[in-house]
Amino acid sequence: MLDILAVIAPIFMLIGLGYLAVRLALFPQDKLAALGLLVVRFALPALILHSLSSRSPAELLNTPYLAAYAAGSLAMLLLGTGWAMLARQQPLPRAALYGLGMSCSNSAFVGYPIVYQLLGPVATLALALTMVVENLLMLPLGIALSEADGSRQERFLRAFGRSLLGLRRNPIILAIVAGVTLALLDLRLPPLLAKPVAMLGTASAPVALFVIGGSLVGLPLRSMLRDVSILASGKLLLHPLLVAGALLLFGPLDPHLAMAGVLIAAMPMLSIFPILGQRHDMQGFCAATLLLATTSSFLTISAAIWLLQHYPFFH
């Protein structure tokens, strides 16, 4: 158990540092957005570009992993959306936010630092492959469902198309495309460029965790506890189980890559979840869910690591 704490504790200490810095007014909360932009637009793309450009084509064209992670996440999206519609009587656009919260992980800000501490460089490959699924399938589909009116197919298709079209300016997607292209052409970044890119990439994890912690200050939780608890449980428990089952079904895979996929699925939902809920006046509910899932994930992620270490499902 101590070795698990050695992996998890530094991550949540950085999250706690961000929380305390904002809570004690040592860092202004309205400046967190700038740090988040630094990570999303520069540090994380640099990390992905540097890692992918040094991989072999066989590693990057990992169809079993892509198919398995997509299948497990799609199943969770459908289950979450269906539960919200049938059990909670939510219309499709609002129900889709429930499903999106249960099926899309904070893979970059929380997932990558934890998985890297545990498994090393394979975490970067898992992150890149996962972000292909999340950015090209899960997020556009979830956003399109949340913007549909439930009666006109063409409106759904337009929303899905707009979501995909918007990715052409996404620095993370551009970094994935550039890194994959370099790897397939067997090209490498010149040393003069590779060094600063690598240095910039190392900033992504600590800065991202600080931002997550600071963002938790002031989030509501007391109301709507039942639905918030169910949504957080679906994300932290059911999503990784579905992804693990799909990885076993679509395998065999490199055991460490499969473990990385399960752990990424076990992370709390996206930090932009409250922003996605603004359209339907659900930002308070989404923020409360994010708070509960992030704080509870210390225990659930520790349990997931222990299970994967003591029961080698993928060997």
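**Helix crossings and nonpolar cores**

Let me begin with one helix pair, where L44, L47, I48, S51 and L52 in α2 meet T124, L125, L127, A128 and M131 in α7. By class, that contact of α2 with α7 has 8 nonpolar and 2 polar residues, and no charged ones. I should say at once that this is a predicted model, and that what follows should be heard with that in mind.

As for the geometry, the axes of helix α2, residues 32-52, and α7 come within 10 Å and cross at roughly 110°, which makes α2 roughly perpendicular to α7, as angles of 65 to 115 degrees count as such. The crossing in which α2 passes α7 is left-handed.

Now to the cores. The largest nonpolar core has 75 residues, and those with the most contacts inside it are L44, I48, Y65, I114, M131, L247 and F314. The largest share of this core, 13 residues, is supplied by helix α7, residues 122-147. Three of these names have already come up, since L44 and I48 of α2 and M131 of α7 take part in the helix contact and are also listed among the residues with the most contacts inside the core. Which residues does Y65 touch, if those up to four places away in sequence are not counted? Y65 touches A126, L129, T130, L247, L253, L257 and G261. Apart from the largest core lies another, of 19 residues, among them M76, A232, M269 and A293.

M76 brings me to the second helix pair. The axes of helix α4, residues 63-86, and helix α5, residues 92-103, come within 7 Å and cross at roughly 140°, which makes α4 oblique to α5. Here α4 passes α5 in a right-handed crossing. On the α4 side the contact is made by S73, M76, L77, G80, T81, W83, A84 and M85, and on the α5 side by L92, A95, A96, Y98, G99, L100, M102 and S103. By class, the contact of α4 with α5 has 11 nonpolar and 5 polar residues, again with no charged ones.

Finally, a word on two loop residues. Most residues other than glycine have a negative phi. A25, in the loop between α1 and α2, has instead a positive phi, near 65°, and A25 is exposed, with a relative accessible area of 66%. Q89, found in the loop between α4 and α5, likewise has a positive phi of about 55° although it is not a glycine, and Q89 is exposed as well, with a relative accessible area of 63%.

Methods: Residues numbered from 1 in each chain as written. Predicted model: local features only at pLDDT ≥ 70, side-chain atom pairs only at ≥ 80, totals over all residues. Heavy atoms only, no water. Axes fitted to C-alpha atoms, helices over the stretch in contact; angles between N-to-C directions. Helix = DSSP H or I, 4+ residues; strand = E, 2+ residues; numbered from the N terminus. Parallel < 35°, antiparallel > 145°, perpendicular 65-115°, else oblique. Left-handed = near helix turned anticlockwise from the far one by under 90°. Contact = heavy atoms within 4.5 Å. Nonpolar A, V, L, I, M, F, W, Y, C, P; charged D, E, K, R; others polar. Core = buried A, V, L, I, M, F, W, Y, C linked by side-chain atoms within 4.5 Å. Buried < 20%, exposed > 50% of the residue type's maximum accessible area, 1.4 Å probe, protein only.
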